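Work through the exercises below with the sequence and the model in view. Each task is followed by its solution.

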Amino acid sequence: MTLLAWSGWRIERRSGRSSFALVSALLSAGAGAVLCCALLFLAAGADPIAAFAALAKGSFGSTRAIADTLVRATPLILTGLATAIAFRARLWNIGAEGQVFAGAMFAFWCQSAIGAAPAYLQIPVIVLGSLCGGALFGALAGALKARFQVDEVIATVMLNYIIIYALSLLLQQGPWTEPGGFFEQTAMVPDQAKLPILIEKTRLHLGFVLALVLAAILHVVLHHSPLGYEIRAAGSNLRALQVQGVHAGRLILVVFALSGAIAGLAGAFEVYGVQYRLKSGTLGGLGYTGIIIAILGQLSPRAVVIAGLLFGALLNGSTLMQIRTGVPSALIYAIEAIILMFFLIAWAISQFRLRRLRDVD
Amino acid sequence: MTARLSISNLSKRFGPVIANDGVSLEIRPGELHCLLGENGAGKSTLSSCLYGLYQPDQGRIVIDGEERRFRSPADAIRASIGMVHQHFVLVPTFTVLENIVVGTGAGWRLDTRAARRRVSELCQRNGLQLNLDALVGDLSVGEQQWVEIVKALYLGARVLILDEPTAVLTPQESERLFTLLQQMTADGLSIILITHKMNEVMRSDRVTVLRRGRVVGTVETGSITREELTQMMIGRQLKQIEAEDRAGSGAPAVVTISAVSLRDARRVAVLDNLSLELRAGEVLGLAGVAGNGQRELFEAIAGVRRTERGEIRLDGKSVANLSAADIARRGVGYVPEDRFRDGLVPDLTIAENIVLGQQWQAPWRRGVLLDAARMREHAARSIADFSIATTGPGERIRRLSGGNAQKVILARELAKATRCLLCNQPTRGLDVGVIEYVHGQILRKRQDGVAILLASEELEDLMRLSDRIAVIFRGRIMGILPRHSASIALLGQMMAGTPLEQAA
């Protein structure tokens, strides 16, 4: 396919993959993103080099900083994985956002029921509760698609609103509101229910390791299990699976439940690993950022982990950057978008090549 | 006589693949010129270069003594080249006249009166009965093709490229098309006909044979035999496979279809009270113009589609409540008509596609995971057995040619077909050599006592391979003939809707 042609040169689609093209495209994307961010810092009135230095120090400067980076990355890795697994099957689950809430809420509800039970009971209940909550909420969107052919993008976006406001309702002078409290939040969870801290004097909790283990499991599931086979096949040609007798509706339901369960876990880890209470503000946005991470990670579990770590570092470093150089930490969201755009462009470009035509006449 | 169109030393490459390699060719005024070649021989690339869809990397195109370069089809049309694609590009909700004049660059206003005059003049000169005010969606496929041809003429085509024009026609419609083509060439039009059907090639004035992107030769059709042409095309001699005639073997039925009816989404009957019997060790040929219910019949037997009325029995048991997977497990293999849509997963590998549908089943699983090593081994064996041209079991289907992709489906479905094999257009668009191989495989299955249903648009193939031939028209069986009493003429009549009893 020819895209463009002018006097003796032509841009056309590559017939194969070239790792040289990919690597050089990605490197230039990185450079472009850095340059663009530097301009942004200049516009914000800061010295770009100082800003980058502060960003780096804030995210990797000390054991504590690194631990915080990993903590920030944990929910993003999970929502990225959740989105990636659904997108792999060409199911556009935009609902990781709501499934995070559902997981956190269901886990909170289950954990409240056992109250002050010992820790060895608490953590399984929290983990299973969040998996179930997310799975059920994801399966709801899946059922709407499988049974009534409701477009999954519409269904998941709408369900996001429903669950977010449902939580608000429960927290605003509702049954879950902290007794005597003023904010939209629950009381602190009991100490036994807090996820174990892995490194002393940091906030790094068990959830990070679980997220990595989950990424490894998903990698195996996706590439070496019958279910993963069906997910990849559905993403390429669902019709061929149906001709072979695979029940498409059932597959859609399973994928949505799986995707929702993973997102739900992110919610519970935030509640029991970081905030130690359920409040709506800190859960918001995790799911949507997960979409960016899934796409940056090319829907591959391993790369999603890397993309999640990168974004965790950016988020974590932005605070120090604001303190040191006055660059508003909110700019980090613009940086996230810049990175995504540059990388998308790089992938697109690496599919093409420039070629010189010989002897046209 | 000077050439109307001459191509010299034209080359076009796609990455490492050379699709056209120094092709030179001359088309004379008023000549019907055939381009013959296997898939991937470079016919389509060549015609796309002529029509401005591709730009050649090198070479010259000269029309009436003037060198031309096309950057787009618009340039080609301006240089009086017209093309009728295999898939028509018509607007069904527009009238014939509107379809012909739409996008002809007359500015914003259409001068319908002048256009109507010119179009009816064109029809008259070529003896075409076209109602200019009929909606194109109401026309038969053959008539729609005329609209495409008239449109090209209306745009001033003096060289007309036809890409496999008879693939969608009944034998009678093809006959009319050729009469029309002869009339038009007598009128001075030059026609380039792309085809792989030998009987059509033999009706042209000259043939240019392409092989692997190069011209093997251009010959006067009158001075060469079919066998010689085939040899030029594939570079070796071909042995025709013919099944021995043993109609009416009286073998037991494996699949019994009784009074099955089925309607499509628009509630139009696509299968209408249809009954058939597939017998062990017998090939039942299914003839019919595309879109008369063949696909639905195959899907109903394979369990992909539910019937509304009637019953399908496999080895005496009703399949009404069985899924496609259940039916496959009972020994039914299904080769679907549209291989890339229904039969393959393009982003998965050959090894993965060969077990498609069996991903949960015994030999391919080790514990909860897939046994990749065993799948690879199995695929390697299939690649060798079916001589699939590929780099190995790990290659993605997306990168295979149509013929090799079809072999992957055959490897999978033949292995499943221990009782019944359903083949809908198994050789469409395949190279002659591959077709020969596929036919051999089908007959081997017949030897093994498998019941076979074979639909093909190549009536000659059906008449060589089938024990009996059923003709389907609008979802009904027009009649079933033993092979020895079938003829192209008779089958053609039945395909157009005449029941066997009334057909002469």
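**Exercise 1.** State how many residues chain B and chain A each bring to their contact.

Solution. Chain B gives 42 residues and chain A gives 29, contact being heavy atoms within 4.5 Å. The model is predicted: local features need pLDDT of at least 70 and side-chain atom pairs pLDDT 80 or more, while totals for chains, interfaces and linings use all residues. Residues are numbered from 1 along each chain as its sequence is written, chains are lettered from A in the order written, and side-chain values use heavy atoms, without hydrogens and water.

**Exercise 2.** Find the area buried between chain B and chain A.

Solution. Buried area is the accessible area (1.4 Å probe) that two parts lose on being put together, summed over both. Here it is about 3,000 Å², with 49% from carbon and sulfur atoms. Of the part that chain B buries, Asp57(B), Gln359(B) and Leu370(B) supply 16%, more than any other three residues.

**Exercise 3.** Which residue of chain A forms a salt bridge with Glu352(B)?

Solution. A salt bridge needs a side-chain nitrogen of Lys or Arg within 4 Å of a carboxyl oxygen of Asp or Glu. Three are found across the interface. Glu352(B) pairs with Arg232(A), with the closest N and O atoms 2.8 Å apart.

**Exercise 4.** Are helix 3 and helix 7 of chain A roughly parallel or roughly perpendicular?

Solution. Helix 3 (residues 63–88) and helix 7 (residues 206–224) of chain A pack at about 20°, their axes 9 Å apart. Angles under 35 degrees count as roughly parallel and 65 to 115 as roughly perpendicular, so the two helices are roughly parallel.

Technical notes:
Axes are lines fitted to C-alpha atoms, for helices over the stretch in contact, and angles run from 0 to 180 degrees between N-to-C directions. Helices (H or I, at least four residues) and strands (E, at least two) are DSSP runs, numbered from the N terminus. Angles under 35 degrees count as roughly parallel, over 145 as roughly antiparallel, 65 to 115 as roughly perpendicular and the rest as oblique.
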